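Visitor: I have a structure to look at. Could you walk me through it?

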Amino acid sequence: MRAFREAVEAHDLDAAVALLAEDVVFTSPVVFKPYAGRAITAAILRAVADVFEDFRYVRAIDDAGGRDHALVFTARVGDRVVEGCDFLHVDDDGLIDSFTVMVRPLSGAQALAAAMGARFEQIAREAGQAADPA
């Protein structure tokens, strides 16, 4: 999804959030339970933008129908380099209704989990939700 990629690469998180459906479901690489809704997904995106350093997309894979997209990225969390992929699905209105992130290696995922866990109270406050990092 070109618009999302360009917004993230330009550090324009407002533009990225504008591409999320109200009922988007975000699936984290380090938490079992998915998060539902634009507010929590936006708060997570803002926090991860602070956690990831040297973030860049390196490849995009799109299905022929235009509804499913995979954006492959590299980044750093502290001293750990991570490779990952954002899997996006868009609804009939062209908004992201499903957002799944996967990262590797395990040590990078663990560093990401620790860094995001330290910010979870702030994420929950920003999203207007009770803190439950299940």
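Guide: One term first. Helices (H or I, at least four residues) and strands (E, at least two) are DSSP runs, numbered from the N terminus. Keep in mind that this is a predicted model.

Visitor: How many helices and strands are there in the protein chain?
Guide: Follow the chain from the N terminus. The elements run α-α-β-β-α-β-β-β-β-α-α. That gives five helices and six strands.

Visitor: How compact is the protein chain for its 134 residues?
Guide: The C-alpha trace spans about 40 × 30 × 25 Å along its principal axes. The globule rule gives 14 Å for 134 residues, and the radius of gyration is close to that value, so the chain is as compact as a globular protein of that length. The radius of gyration is 14 Å.

Visitor: Which residue stands opposite arginine 59?
Guide: Start with the strands. β3 covers residues 53-62, β4 covers residues 68-77, and they pair in the antiparallel sense over seven bridges. They form a hairpin with five residues between them, and glycine 66 in the turn has a positive phi of about 80°. Opposite arginine 59, in β4, stands valine 72.

Visitor: How are α3 and α4 oriented to each other?
Guide: Their axes come within 10 Å and cross at roughly 120°. Angles of 65 to 115 degrees count as roughly perpendicular, and those over 145 as roughly antiparallel. The two helices are therefore oblique.

Visitor: What classes of residue make the contact of α3 with α4?
Guide: From α3 come Ile44, Ala47, Val48 and Val51; from α4 come Leu112, Ala115 and Met116. No polar and no charged residues take part. By class, the contact has seven residues that are nonpolar.

Methods:
Residues numbered from 1 in each chain as written. Predicted model: local features only at pLDDT ≥ 70, side-chain atom pairs only at ≥ 80, totals over all residues. Heavy atoms only, no water. Pairing = 2+ DSSP bridges. Axes fitted to C-alpha atoms, helices over the stretch in contact; angles between N-to-C directions. Parallel < 35°, antiparallel > 145°, perpendicular 65-115°, else oblique. Contact = heavy atoms within 4.5 Å. Nonpolar A, V, L, I, M, F, W, Y, C, P; charged D, E, K, R; others polar. Rg over C-alpha atoms; globule rule 2.2 N^0.38 Å.
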